[in-house]
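Welcome, and please open the structure in your viewer. We will go from stop to stop, with something to select at each one.

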Amino acid sequence: MKEHMPPSQEDEGSPAEPKCKRRRSSESCSWDILPVLSEEESQRITLLQAYAAPVLSKKETSRLVREVSAVHSLKSLQHLKRVRACKDRGSPHPLEMLLCLALAKEKGHVPSLSELLPEGQVNSCGLGQPFLVLVPSCPPLTRPQFQEASAHWPTSFHENKEVTKALTGQQFSREEKARMQRYMEQAIEVAQQGAERGNEAVGAVFVDPATEEVLAMGHDCRKSNNPLLHATMVCIDLVAHRQGGGAYNFDSYPSCSFVASVKGNSGTGAADLFDDAGSSVLPYICTGYDLYITREPCIMCAMALVHSRIQRVFYGTPSPDGALGTRYKIHTQKDLNHHFQVFRGILEEQCQQLREKWH
Amino acid sequence: MGGGEEAAKRQRWMEEAFRMAKEALGNGEVPVGCLMVYNNTVLGQGRNEVNETKNATRHAEMVAVDQVLAWCRQNCKNPVEVFEQTVLYVTVEPCIMCAGALRLLKIPLVVYGCQNERFGGCGSVLNIAADDLLGTGTSFECIAGYRAEEAVEMLKTFYKQENPNAPKSKARKKDSDES
């Protein structure tokens, strides 16, 4: 029974040990891939004032933790450890203990133990004079946040390994990066073809990562008299065409194309993409797909990708009103029913040049 | 503005939008209907066509926009000027995507029925209608609450019969995983 295998090897590498082997992935890649994290993940940690006191008698620690916790439960601060090893090695007491949050109005004056711990409920014998400390107000979500938080007061950390790998640039293998580069090169090429016909120089490519197949590629088509035909909207419709639907005709733009879908071979989740007849595909057309686009999508296009249930978006360069990192982070927006991963920086320089050349 | 007359017209247009929404419901689509009115003339009307086109962006507003564009082509009008004087009447608050599209088209005014708690782009989830976005067209005004209860009822009816085309909810799966 596979699922009962002990998680043995996993524990061997200490999580505190940083991996110094920073793989400089393939020399031909002069670009870096950056995850576009949620607001909560990317912000710096915020701090609160709290009172702590030295534990003078180590033997009393567990009793003190029990009694103090009963009075000051720190419910909203479950990520904080109650006791820490004393920072100052030369200190006569080895441990320090978190008592309670400090009220803003008590600035300057540090109350005594008897003011903080009601007599009768806590026997403060074994504690020293309280002092002010800064503690992180929220649980850390990323390793950089964890490192920043722990510098103030020890916190627990449930690491998201994927995010950590993404942040250290180790999420994608050299082969994957080479493939990404090829997809983005196709997006740039199709952008140029669109620009030659007077459209904004933006190109996009839909890929099924399960089969590594390019499903559709398209460019901005605003010159066709429709101001809403941004590259993303064009590509979403091309995928719809591929599945027997679609709303627009791109005959006058031969670079906007799709690969006809082979019945029964639609890649990921084929079973629930087909209806009873086994031929037509359901409308959540981009489920499981990746989009490569030369620049960050606008708010309309970003939300269109939510509606289309995209899996991942890779873009080259940010846009001033961009909705996948710059002005909004629609892909992590709370309350929406679908979230997805976003990475930026793929062939960033070339994508930036594309924009400048055709401006 | 001639108060009474204007109100009566608005009522007629919203009635027509509701008729479109009902048609959508009858066709297994999310029940949203809309009208685009320019100079007292209906230039476009639409209802949700997502399932029909297999394109998740085919919301009522986007369908109506295409009709207005076609009318502009036929009548040799500049769409930029037409949209700048067009009012949208829609049964449900436009979603974030449609709100973005309406900004890009510089539509000045939207009259709508109920709030769109799931996807609303005019205040419910985000306020794309009013946000400061210099590179994304212009902000627009909203008048909300017209026959809101009726619009909500239609949405409830739709979601009760559960969209057979929607993928299974991930949120629900997560809940049951936690034990």
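Is B:Gln74 buried or exposed? Select B:Gln74 and show its surface: this residue counts as exposed because its relative accessibility is 65%, and the cut-off for exposed is over 50%. Keep in mind as you look around that this is a predicted model.

**Stop one: the helix around it.** Now select residues 60-74 of chain B, which form helix H3, and you will find B:Gln74 within that helix.

**Stop two: a distance to draw.** Add B:Tyr112 to your selection and draw a line from its C-alpha to that of B:Gln74. The two residues are 28 Å apart in space, C-alpha to C-alpha, and 38 residues apart in sequence.

**Stop three: where the chains meet.** Next, colour chain A and chain B separately and turn to the contact between them. Chain A brings 39 residues to this contact and chain B brings 38 residues. Between them, chain A and chain B bury about 3,100 Å², with 65% of that area on carbon and sulfur atoms.

What should you look for across the interface? Nine residue pairs of chain A and chain B are in polar contact there, both residues at pLDDT 80 or more, while the count of salt bridges between the two chains is zero.

**Stop four: the chain A side.** Select helix H7 (231-242) and helix H9 (299-307) of chain A, since you can see each supply at least two residues of the side that touches chain B. H9(A) gives the most to that side, with five residues. Finally, colour this side of chain A by residue class: 19 residues are nonpolar, 14 polar and six charged.

How values were computed. Residues numbered from 1 in each chain as written. Chains lettered and ligands numbered in written order. Predicted model: local features only at pLDDT ≥ 70, side-chain atom pairs only at ≥ 80, totals over all residues. Heavy atoms only, no water. Helix = DSSP H or I, 4+ residues; strand = E, 2+ residues; numbered from the N terminus. Buried < 20%, exposed > 50% of the residue type's maximum accessible area, 1.4 Å probe, protein only. Contact = heavy atoms within 4.5 Å. Buried area = accessible area lost by both parts, 1.4 Å probe. Salt bridge = Lys/Arg side-chain N within 4 Å of Asp/Glu carboxyl O. Polar contact = N/O pair within 3.5 Å; in protein donor to acceptor, adjacent residues only side chain to side chain. Nonpolar A, V, L, I, M, F, W, Y, C, P; charged D, E, K, R; others polar.
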